[in-house]
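Thanks for sharing this one. Here are a few notes on charged residues to read alongside the structure.

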Amino acid sequence: MGCNGMLNNSTMICAPLMAQSVEQMVKDMHQAKAEGAQLVEIRLDYIKNFQTQQDIQIILKNKPLPVIIVYRPKWEGGQYEGDEHSRLEALHLAIEMGADYIDFELKVASDLIRKQKMKNDSATKFIVSCHINGMIPSDEELNNLAASMQATGADIIKMVANVTDITEIARIFHLLSHCQVPIIAYSVGERGLISQLLCPKFGGFLTYGSIDGHSIPGMPSLYNVSQTYKLDYLNSETKVFGLVSKPIGHSKGPLLHNPTLRHENFNGVYVPMFVDNLKEFFSIYSSHDFAGFSVGFPYKEAVVEFCDEVHPLAESIGAVNTIVRRPCDGKMIGYNTDCEAAITAIEDALKEKRCTSNEASFGTPISGKLFVLVGAGGAGRALAFGAKSRGAQIVIFDIDFGM
């Protein structure tokens, strides 16, 4: 968070709405506003028995927020399978009725936007969208694609990908930072989550959040956008911290670390990072912007080799769960906080039990105890090391142990 607590970016928060009736769409718009959305994306192609003029009129008459009208055809990943002329007529009608934004696919955008702008009587902004199939292309190819989209007369351009590796998202961040026209760019899916969460840092026009009860894979909820991550406060100077893990959905880290960063008035954000390949990940995300990492399953042991320096305790355990990028030289320093955190918590609980039963307490209460561990991964190694160093007897149960 900035030191003065003011909003630090102009990125808007948008809720995508895919209700199957116009009545539910209106309810969802009001719900989105109540949950913190600043605009909504209306997917006409999801509405059953869509009545063009009547339904568009109802939506625009009852909108509590600016709306993006989308009528996505099957050939671009949408639901609409009808006549193309009828689809485009619906979008033209939405313009005439005063929609705030209209989304046109790149394939059809050029002629349509030119004709609309020749009329010069509409305040509607035009978004030109493109779905990228397969791997995200190079920076140069992305820049060329952005230029061709801008040449259609677009006010805003939008690119949507489905990455197979988190390292591809670095090219999205580069595009967001260097594009000369307002841009929406992100990846769907769990591996693409950071493209939504870090969008404000890199200057995106908007980022998405789902309304309560309508979760979308790889998309944060509006609650998390506004409360957990506080994306309103991100800016180009925000330091990124993240959980390096596979999978990431179980992590409570963002709920713990982001409030702490804000409490300390530190301009940082903690995000989950679905990582498939450690070597490629650390090679791509090597800038000082990415200031530190928590390390989760299954990487606590494997990550040791990617640290420039390893704290003696972590080296003895053979596992790292925390990495800090040293500001002066960018080197990654590996630590293990699992060991002392877990063992001291167990010691405190045992000491408290002794106090309630009026037992004398000298030294560590773990000494001489039988310490049973289920699991022999990175966290298990840390606990075993800590317990053994306190004089406990160790028994380990693990289905893969020694294999």
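**Notes on charged pairs**

1. Let me start with R326, which is partly exposed, with a relative accessible area of 25%. Please keep in mind that this is a predicted model. The side chain of R326 meets that of E309 in a salt bridge, 2.9 Å from N to O. R326 sits in the loop between β13 (322–325) and β14 (332–335), whereas E309 belongs to strand β12, so the pair links distant parts of the chain, 17 residues apart. E309 counts as partly exposed too, at 33% relative accessibility.

2. Which residues are joined into one network by salt bridges that share partners? They are R72, E84, R87, D103 and E105. Within that group, have a look at E105 and R87: they form a salt bridge whose closest N and O atoms are 3.0 Å apart. E105 lies in strand β4 (residues 101–105) and R87 in helix α3 (residues 84–96), so this pair ties together parts that are 18 residues apart in sequence.

3. Are E105 and R87 buried or exposed? Both E105 and R87 are buried. The cut-off for that label is a relative accessible area under 20%. R326, at 25%, is therefore partly exposed rather than buried.

4. Next, the pair R381 and E301, whose side chains meet in a salt bridge at 3.4 Å, N to O. This pair also links distant parts of the chain: R381 is in helix α14 (residues 378–389), E301 is in the loop between β11 and β12 (309–310), and their positions lie 80 residues apart in sequence. R381 counts as partly exposed at 37% relative accessibility, and E301 does so at 33%.

5. How many salt bridges are there in the model? The count comes to 17. Those described above include R326 with E309 and R381 with E301.

6. Finally, a word on D289, found in the loop between α11 (278–284) and β11 (290–295). D289 is partly exposed, with a relative accessible area of 25%. Setting aside residues up to four places away in sequence, D289 touches K201, S236, T238, K239 and V240. With K201 there is a polar contact between the two side chains, at 3.5 Å. K239 is 50 residues from D289 in sequence, yet their C-alpha atoms are 5.1 Å apart in space.

Note on methods:
Residues numbered from 1 in each chain as written. Predicted model: local features only at pLDDT ≥ 70, side-chain atom pairs only at ≥ 80, totals over all residues. Heavy atoms only, no water. Helix = DSSP H or I, 4+ residues; strand = E, 2+ residues; numbered from the N terminus. Buried < 20%, exposed > 50% of the residue type's maximum accessible area, 1.4 Å probe, protein only. Contact = heavy atoms within 4.5 Å. Polar contact = N/O pair within 3.5 Å; in protein donor to acceptor, adjacent residues only side chain to side chain. Salt bridge = Lys/Arg side-chain N within 4 Å of Asp/Glu carboxyl O.
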